[in-house]
Amino acid sequence: MRHSLPLAPQFYVTAPQPCPYLEDRMERKLFTALQGEQAQVLNDSLSKQGFRRSQNVLYRPSCSDCTACMSARIAVEDFKPSRSQRRLLKRNTQFERRATSPWATDEQYELFRTYLDNRHADGGMADMDIFEFAAMIEETPIRSRVIEYIDRETGALAATCLTDMFDDGLSMVYSFFDPVHTRASLGTWMILDHIDIARSAGLPYVYLGYWVPGSDKMGYKAQFGALEIYRNGNWERLGDPDAYEDELHPLSNDPIAEQVANISFPDSRG
């Protein structure tokens with residue numbers, strides 16, 4: 001007779017390091033390995049609880065005095081583009097979507113380097129070489145795709161997004177684009193295109209990573225309608241972005257042991 005068994009992985013916490021989103025704050029992450037036959041099931045389950053994937057690791061911010069980083073997703077059925085977003089969709093017809101397997105190419109890496117050098121020269125990925133880039137793209141134990149966007153006029157690669165497929169949506173793991181296309185607002189446009197992909201596939205959500213109130217780097221996500229955030233163990237519709245400043249309170253986070261105890265795990269068949 002078969003029994004349903006909890007799929008409970010081991011969790012670890014990183015050492016504190018400077019937060020990339022908020023000055024004068026330290027960041028640490030709660031993480032676990034993503035591997036084995038149940039990797040997809042675990043990824044689907046924990047992603048609905050605020051976790052994100054990086055290669056074969058799932059992580060979630062777990063800072064001792066801050067809960068500002070909140071996982072964000074767009075509810076596809078309720079999403080209606082703003083006037084500026086509609087104009088952007090009409091303007092960017094020169095770009096063609098191409099979905100491929102998660103396999104790194106020299107052309108992708110050249111675009112990635114151009115993007116970093118222009119937008120994030122002092123960021124954590126600034127020194128990433130082609131082998132580390134290939135690992136970011138290819139080391140995935142779950143269903144993933146590389147979504148490329150080609151400039152029809154030149155045939156050149158204009159933008160790329162590493163996209164995971166969940167049972168309830170798409171997750172934009174990492175995207176980058178050619179800064180020469182400033183007017184095209186390719187970062188925003190790729191999100192709009194992923195909403196279209198999810199809608200066509202009958203998937204209810206597009207996961208965007210973390211929204212951080214008060215962070216210039218993450219503030220753009222609040223510009224999308226039907227945005228939901230994972231807060232206090234539940235998904236809720238984002239209200240007034242300025243109303244979330246209390247998430248920086250030093251007593252706003254639970255102890256690590258309590259955080260882990262509150263995580264729900266999927267069942268595996270043994």
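This report looks at two residues with a positive phi and at the strand beside one of them, in a predicted model.

**Two residues with positive phi**

Most residues other than glycine have a negative phi. Ser-185 takes a positive value, near 45°, and so does Asn-232, with phi near 55°. The table sets them side by side.

| Residue | Phi | Loop | Relative accessibility |
|---|---|---|---|
| Ser-185 | near 45° | between strand 12 (169–177) and helix 5 (186–201) | 33%, partly exposed |
| Asn-232 | near 55° | between strand 14 (227–231) and strand 15 (234–237) | 67%, exposed |

**The hairpin around Asn-232**

Asn-232 belongs to the hairpin of strand 14 and strand 15, which has two residues between the strands. These two strands run antiparallel and are joined by four bridges. In this pairing, Ile-229 of strand 14 faces Glu-236 in strand 15.

**Strand 14 and its other neighbour**

Strand 14 also pairs with strand 8 (residues 70–75), again in the antiparallel sense, over three bridges. Here Ala-72 stands opposite Ile-229. Ile-229 therefore has a partner in strand 15 as well as one across from it at Ala-72.

Is strand 14 buried or exposed? Five of its five residues are buried, so the strand is largely enclosed by the rest of the structure. Leu-227, Ile-229 and Arg-231 point one way, while Glu-228 and Tyr-230 point the other way, and all are buried. Asn-232, in the loop that follows between strand 14 and strand 15, is by contrast exposed, with a relative accessible area of 67%.

Conventions:
Residues numbered from 1 in each chain as written. Predicted model: local features only at pLDDT ≥ 70, side-chain atom pairs only at ≥ 80, totals over all residues. Heavy atoms only, no water. Buried < 20%, exposed > 50% of the residue type's maximum accessible area, 1.4 Å probe, protein only. Pairing = 2+ DSSP bridges.
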